[in-house]
Amino acid sequence: MTALRAGVASDPGRVRSVNEDSALIEHPIFAVADGMGGHRAGDVASQVALDALRRAVGEPTTEALVDAVRRANDAVVERASGAAELRGMGTTLCVVALVDDHDGDGERIAVANVGDSRAYLYRDGELEQLTHDHTLVQTMVDDARITPEEAAVHPQRHIVTRALGIDTRIEVDTWEIVPFAGDRFLVCSDGLFNEVEDDRIAAVLRRLADPSDAAAELVRLANDGGGRDNITCVVVDVVDDGDRATAASAALAGEALTSQGDRREPDVAGFTSAAPAAPAGETGSDGGGAAPRDDDTVMVQTIPPAAARSAAAVAVARRHAPASALPRSERVRRRDLRPTRPHRRFTWRVALFMVLLLAVVGSAAGAVWWYGRNTYYVGFDGDEVAVFRGRPGGFLWFDPTLVERTGIEREEVPESLAGRLADGVDHGTEQGARSYVANLEDQIDGLDGDSATGASSTTSP
Ligand code: MN
């Protein structure tokens, strides 16, 4: 029988007032959930997920564990849809559990993961990250667009591409590992590894034998490093592995992980893959060495990470990522998370809108035309006073047009009026313009006698 011993430590960190992380220590299941969503919704999400997980776990198998994670997801989705203030909440979930081997001849540590909390294995002095972050920056690393070092300090490193609570369909990455006495599994939220480097994590696990002490020390280091996020660490020690360690030679045990050059690829148990993990024994063939691969990592039915990523269409912006730091595409995608309705392109609403728009545009054009054209003025056409239609000098593309010459010569016009007439005297209606002309003629006639000298004085030397 495999015996486990676990310790946990969790802290809000030095910046946040609320701890939205949750941890579950319920032998033989150990989990960390890192909730997200404003107004303490993240706190609710992580607790709901772990409560549901605890209640849903049945058979000690990896498949049952995945089912339990799915039910935890359902619980968060349902809770999120029940209250407006919880809408949009989500949580990561990373679980380590002791399960039976498929052949029933041993026990395995199953790891199940959704999101960017992590499981590590510390074995023979080496720390290995087991899980693959479901984050935007991890995708960029996988596509060789940025380096892991750049990812570690990337401003968008908090954007997760998978989380519980978003959709009833969910992909769960799983791994199965044969446990040996002395193995230490670390499950933690990103508040740890964003503040503490891997080699320092390894040093703590090397130095502090008690799992509770080790977890507490890791949290302390994360706070020392800044404590910018909630920090949760669960350390699970394999204290007894039955006769497994004696059956395997010490050399084999030392080799078990380090000799395996290949990265551990997860078994993606999701809606893209309905098939459960195949029997563990099948992986024995790919080793080829003398070592009994039964006692090594079980790795079956792997979906290429790229395919898994493209299936993971959801993107959740972590609460602690400033909204302005989100790339535009992420913001758009968040909006896309809402169920889409069939799009009717042309409805009566659209038609009515178009009619109203045309009416507005039409009346505006009419008003412009009316202003530019439906007015009259008196001015000079050459040296003769004339009535024009339009605005003096024109308006927009409406040039004034000549309506009538009056027969009054420029030199007959009294000096006091000549300046104004040169600019054009606006009269609104044709009638008004004609009245003006009539008045002008009367003035000229009336002034004929006594102003003739004045007029002649200007025109003749
Ligand atoms: Mn976090």
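Is D229 buried or exposed in this predicted model? D229 counts as buried, because its relative accessibility is 6%, and the legend to the first view shows what surrounds this residue.

**View 1. The manganese ion is held by three aspartate side chains.** The manganese ion is coordinated by the OD atoms of D34, D190 and D229, at 2.1 to 2.3 Å. Along the sequence, the spacing of these donor residues is D-x155-D-x38-D. The pair of D190 and D229 links distant parts of the chain, since D190 belongs to helix α5 (residues 190-193), while D229 sits in the loop between α7 (211-224) and β11 (231-241), 39 residues apart. D190 counts as buried, because its relative accessibility is 1%, and D229, at 6% relative accessibility, counts as buried too.

**View 2. H27 and P28 are joined by a cis peptide bond.** The omega angle of the bond between H27 and P28 is about 5 degrees. P28 is placed in the loop that runs between β2 (21-26) and β3 (29-36).

**View 3. D124 has a positive phi angle although it is not a glycine.** The phi angle of D124 is near 50 degrees, and the residue is found in the loop between strands β7 (118-123) and β8 (126-129). D124 counts as exposed, because its relative accessibility is 51% and the cut-off for this class is over 50%.

**View 4. A144, another residue with a positive phi, lies beside a salt-bridged pair in the sequence.** The phi angle of A144 is about 60 degrees, although A144 is not a glycine. The loop that holds A144 runs between α3 (136-142) and α4 (148-152), and A144 is exposed, with a relative accessible area of 66%. The side chains of R145 and D143 meet in a salt bridge, with 3.8 Å from N to O. Of these two partners, R145 counts as exposed at 56% relative accessibility, whereas D143 is partly exposed, with a relative accessible area of 37%.

**View 5. A salt bridge between R5 and D210 ties together parts of the chain that are 205 residues apart in sequence.** Side chains of opposite charge can pair when their charged atoms come close. In the pair formed by R5 and D210, the closest N and O atoms are 3.8 Å apart. R5 lies in strand β1 (residues 2-11) and D210 in the loop between α6 (198-207) and α7, so this pair ties together parts that are 205 residues apart in sequence. R5 is partly exposed, with a relative accessible area of 40%, and D210 is likewise partly exposed, with a relative accessible area of 28%. The count of salt bridges in the model comes to 22.

**View 6. D224 and R220 form a salt bridge in helix α7.** The closest N and O atoms of D224 and R220 are 3.0 Å apart. Because they are four residues apart in helix α7, D224 and R220 are separated by about one helical turn. R220 counts as partly exposed, at 41% relative accessibility. Both residues also belong to a network of salt bridges, in which R207, E217, R220 and D224 are linked.

**View 7. Six acidic residues gather in a patch of negative charge on the surface.** The members of this patch are E409, E411, E412, E441, D442 and D445. Helix α14 (residues 430-447) supplies the largest share of the negative patch, with three residues. One of the other members, E412, has its place in the loop between β15 (401-409) and α13 (415-423). E412 counts as partly exposed, because its relative accessibility is 39%.

**View 8. F353, M354, L357 and V361 form a nonpolar patch on the surface.** Together, the residues of this patch have about 380 Å² of accessible area. L357, one of them, is found in helix α12 (residues 348-373). L357 is partly exposed, with a relative accessible area of 40%.

Note on methods
Residues numbered from 1 in each chain as written. Predicted model: local features only at pLDDT ≥ 70, side-chain atom pairs only at ≥ 80, totals over all residues. Heavy atoms only, no water. Helix = DSSP H or I, 4+ residues; strand = E, 2+ residues; numbered from the N terminus. Buried < 20%, exposed > 50% of the residue type's maximum accessible area, 1.4 Å probe, protein only. Donors = N, O, S within 2.8 Å, 3.2 Å for Na, K, Ca; no water. Patch = residues over 30% accessible without salt bridge, like charges linked within 9 Å, V, L, I, M, F, W, Y side chains within 5 Å. Areas by Shrake-Rupley, 256 points an atom, 1.4 Å probe, with all protein chains shown as cover. Salt bridge = Lys/Arg side-chain N within 4 Å of Asp/Glu carboxyl O. Lys, Arg positive; Asp, Glu negative; His and termini not counted. Charge placed at Lys NZ, Arg CZ, Asp CG, Glu CD.
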